[in-house]
Amino acid sequence: LAKAFARHETFHLRYGWLKKGFDLASADPEGFVAPDAAMRLGVGKNMVRAIRYWCRAFKLTSEVQSPDRPRANLDVPTSFGARLLADDGWDPYLENPASLWLLHWRLTQPTCYAPSWYAVLNGAYLGTVTDDALFTEVSLLRDAHPGWGDVVDASLRKDIDCLLRMYAPRRGRGKTLEDSVDSPFAALRVLIPVESDRHTYS
């Protein structure tokens, strides 16, 4: 597990982001840090960082050191990313639900860059679970790792909120169109909101 909490900039994965990020890294390993990255991806600056994070977390791209600038990191496509998302890949636009299950599995494989997801998805939950119980699960994971003591509770809460927005279909629609769009992973029905209690999921 990598010490990687709240790297998503509070943005859960949106439709099309993985393909956009993969294509950018394929065309330009420095694309995510280029001055025009937001324009090339068609998103805000914070979303650029989120897309970069999600591409790495799902093992679609990997970080390598720049040969010219030792302190700079490049983003390069992985062989898995190419097999899945290249234009001639298995499912470049993630139209097959099996592709989402494959990515769901890859997210928590070593090295896992989403430790909160690892804690929640590997928890033995039967029936219902509350968002507070998920926070406790992630807190236990943090507290069990030496060197992770400086990870504040607020970062864990951001992870839990992002995870729930990523996997659970929204109960109500947000104020903006962007906020109202579910993640593609909501279709997997890993978490289902309990209508009678906004803090509870099955």
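This passage walks through the nonpolar core, the aromatic rings and the charged pairs of the structure shown above. The model is a predicted one, and residue numbers count from 1 along the chain as its sequence is written.

A good place to begin is the interior. The largest nonpolar core holds 54 residues, and Trp17, Leu18, Trp54, Phe58, Leu107, Trp117 and Phe185 are those with the most contacts inside it. Eight helices, H1 to H8, each give two or more residues to this core. Helix H3 supplies the largest share, eight residues. Trp54 illustrates how such a residue is surrounded: beyond its neighbours up to four places away in sequence, Trp54 touches His8, Phe11, His12, Leu13, Trp17, Leu18, Leu107, Trp117, Cys162 and Met166.

Several of these names return among the aromatic rings. The structure holds seven aromatic pairs. One of them joins Phe11 and Trp17 in an edge-to-face arrangement, with 6.3 Å between the centres and 70 degrees between the planes. Phe11 is buried at 18% relative accessibility, and Trp17 is buried as well, at 4%. The rings of Trp54 and Phe58 also pair; their centres lie 5.8 Å apart and their planes meet at 35 degrees, so this pair is tilted. Trp54 and Phe58 are both buried. These two residues further belong to one aromatic cluster together with Tyr53, Trp117, Tyr167 and Phe185.

Rings also meet charges in this model. The charged end of Arg106 sits over the ring of Phe80, at 4.2 Å from the ring centre. Lys19 does likewise with Tyr93, its charged end sitting over the ring at 5.6 Å from the centre. Lys19 has a second partner: a salt bridge links Lys19 to Asp23, with 3.1 Å between the closest N and O atoms. Both residues lie in helix H1, which spans residues 17-27, and they are four residues apart, about one turn of the helix. Lys19 has a relative accessible area of 8% and counts as buried, whereas Asp23 is partly exposed at 32%.

Altogether, the count comes to 13 salt bridges. Another of them is formed by Asp36 and Arg40, whose closest N and O atoms are 3.7 Å apart. Asp36 is partly exposed at 30% relative accessibility, and Arg40 is partly exposed with a relative accessible area of 38%. A further salt bridge brings Asp153 together with Arg142, the closest N and O atoms being 2.7 Å apart. Asp153 belongs to helix H8 (residues 153-167) and Arg142 to helix H7 (residues 131-143), so the pair ties together parts that are 11 residues apart in sequence. Here Asp153 is partly exposed, at 40% relative accessible area, while Arg142 is buried, at 9%. Salt bridges with shared partners also join Arg52, Arg56, Glu63 and Asp75 into one network.

Finally, a loop residue deserves a look. Ser66 is placed in the loop between strand E1 (61-65) and strand E2 (73-77). Is Ser66 buried or exposed? Ser66 has a relative accessible area of 4%, under the 20% cut-off, and is therefore buried. Apart from neighbours within four places in sequence, Ser66 is in contact with Ala72 and Leu74.

Technical notes
This is a predicted model: local features need pLDDT of at least 70, side-chain atom pairs count only at pLDDT 80 or more; totals for chains, interfaces and linings use all residues. Side-chain values use heavy atoms; hydrogens and water are left out. A salt bridge is a side-chain nitrogen of Lys or Arg within 4 Å of a carboxyl oxygen of Asp or Glu. Buried means under 20% relative accessible area, exposed over 50%, partly exposed in between (1.4 Å probe, protein chains only). A nonpolar core is a set of buried Ala, Val, Leu, Ile, Met, Phe, Trp, Tyr and Cys residues joined through side-chain atoms within 4.5 Å. Contact means heavy atoms within 4.5 Å. Rings of Phe, Tyr and Trp (its six-membered ring) pair if their centres lie within 6.5 Å; planes under 30 degrees apart count as stacked, over 60 as edge-to-face and the rest as tilted. A charge sits over a ring if NZ of Lys or CZ of Arg is within 6 Å of the ring centre and within 35 degrees of the ring normal.
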